[in-house]
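Reader: I'm new to reading protein structures and would love a close look at one part. Could you walk me through the second largest pocket, and then show me a helix as well?

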Amino acid sequence: MELIQRFIYLFIFTLVGSNMLGGCSSAPEQVTEKEAVLNVYTHRHYPVDKEIFAEFTKKTNIQVNVLFADASQIVKRLEVSGEESPADVVLTVDAHGMYEAKKKQLLQSIESETLNKNIPETFRDKEGYWYGLTYRGRIIVYNEERVQRQQLSTYQALTTPEWEDKVLIRSSKNVYNQALMASFVALYGREKAAEWARGIVDNMARTPKGNDREQIKSLAQGIADVAIVNTYYIGLLAESKDSLERASVKNLGVFFPNQDEEGAHINMSMAGVTKYAPHKENAIKFIEFLSTKSIQEKFAQANFEYPVNPESEWHPLLKSWGKFKTQKLSIDDLAELNEVALQIFQEVNWK
Ligand code: FE
């Protein structure tokens with residue numbers, strides 16, 4: 001699956017990228033703000049994005065060129081191209097990539113009353129370098145045939161002997177796990193965070209393999225009792241067109257941990273305008289468009305994510321899970337602690 005995805009990325013790179021990057025090798029052309037074009041570099045890989053971009057074009061007549069890549073690759077591309085980069089907007093699936101882009105001075109601060117109105121302060125950068133679009137919980141999902149809901153409480157409780165060989169979670173190379181670990185370092189300090197990681201490694205049902213979807217499917221098959229995953233993957237399986245996928249999550253329950261404490265961990269998909277954006281006005285218009293009530297609804301609901309705009313309705317499935325308390329941590333703090341998170345993973349031998 002991953003191989004296919006990589007191939008598709010590569011294909012789109014060649015298709016759109018060559019077109020977009022073509023201008024790079026020659027002298028930078030004089031681009032006027034009036035040009036009805038927008039170049040988006042995105043790490044988001046969800047089908048709904050294409051529809052939303054088309055809707056933006058329909059509304060504004062601005063043509064959207066898209067280049068798909070991992071955040072780390074996007075940062076590298078922006079660094080290498082410098083002032084000649086055609087990129088206007090960067091979209092990421094987590095904080096770390098955006099933080100790196102900001103730290104390396106690849107973004108610019110923007111001011112927009114619309115964005116300040118539509119996006120609560122906790123979901124945007126104080127200095128205007130990035131804006132959150134959607135968020136998702138990294139939570140506990142459990143096999144209802146093996147676990148009573150009352151047995152669950154916190155992420156920490158999953159490290160007790162009761163859960164030996166019963167926990168599924170993916171590799172530490174994954175950005176979602178790195179952010180989760182960074183959040184524990186921020187909340188409880190390095191030592192306690194490492195203790196948690198060690199406890200989870202001890203209780204793993206198997207050496208980490210596969211993505212969040214695979215943890216959920218394995219859980220349903222009875223390989224373990226609980227898994228730690230992002231909320232939207234459960235939604236995507238629950239409402240999949242594939243009846244086998246739908247059936248696979250029937251016996252699973254969703255649990256938001258640490259509700260009597262600091263809250264459940266969330267990660268965020270976000271947008272920023274590049275430092276040398278040739279179409280800055282279009283870029284701002286685009287992010288504003290993504291923040292509006294109706295687009296937020298469509299955008300978030302199709303992928304079972306939570307909209308950052310508080311006016312926007314949640315998908316019925318998310319509503320059925322109920323509201324939940326989230327960790328209150330600054331994205332900058334989390335991103336800064338990413339390095340410590342990586343060290344801990346290595347120390348405890350979390351593959
Ligand atoms: Fe994802």
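Author: Happy to help; here is the pocket, followed by a helix and the loop after it. Please keep in mind that this is a predicted model.

Let's start with the pocket. The second largest pocket has a volume of about 500 Å³. It is lined by 24 residues, and the closest to its centre are Thr-122, Phe-123, Gln-327, Lys-328 and Leu-329. By type, the lining holds 10 nonpolar, 6 polar and 8 charged residues. Strand β9 (265-274) and helix α14 (331-336) each give at least two residues to this lining, and β9 makes the largest share, with 4 residues. Where does the pocket sit relative to domain 1 and domain 2? Domain 1 (2-134 + 266-313) and domain 2 (136-265 + 325-347) both contribute lining residues, so the pocket lies between them.

Now for the helix. Helix α7 covers residues 190-203, which makes 14 residues, and its first and last C-alpha atoms are 20 Å apart, close to the 20 Å expected at 1.5 Å a residue. Its buried residues are Ala-193, Ala-194, Trp-196, Ala-197, Gly-199, Ile-200 and Asn-203. An α-helix has 3.6 residues a turn, so residues three or four places apart point the same way. The cover over the buried residues of α7 includes β6 (167-168), α6 (175-188), β7 (226-230) and α15 (338-347).

Finally, the loop between α7 and α8 (212-220) contains Asn-211. Asn-211 counts as partly exposed because its relative accessibility is 25%. Although 37 residues separate Asn-211 from Asn-174 in sequence, their C-alpha atoms are 8.6 Å apart in space.

Conventions: Residues are numbered from 1 along each chain as its sequence is written. This is a predicted model: local features need pLDDT of at least 70, side-chain atom pairs count only at pLDDT 80 or more; totals for chains, interfaces and linings use all residues. Side-chain values use heavy atoms; hydrogens and water are left out. The expected span of a helix is 1.5 Å times one less than its number of residues. Buried means under 20% relative accessible area, exposed over 50%, partly exposed in between (1.4 Å probe, protein chains only). Contact means heavy atoms within 4.5 Å. On a 1 Å grid over the protein atoms alone, a cavity is a set of points where a 1.4 Å probe fits but cannot get out, and a pocket is an open set with protein on both sides within 12 Å along at least five of seven lines; lining residues have an atom within 4 Å of a point. Grid points are joined across faces, edges and corners, and a volume is the space filled by probe spheres set on the points. Ala, Val, Leu, Ile, Met, Phe, Trp, Tyr, Cys and Pro count as nonpolar, Asp, Glu, Lys and Arg as charged, and the others, Gly among them, as polar. Domain bounds come from an automatic or database domain assignment.
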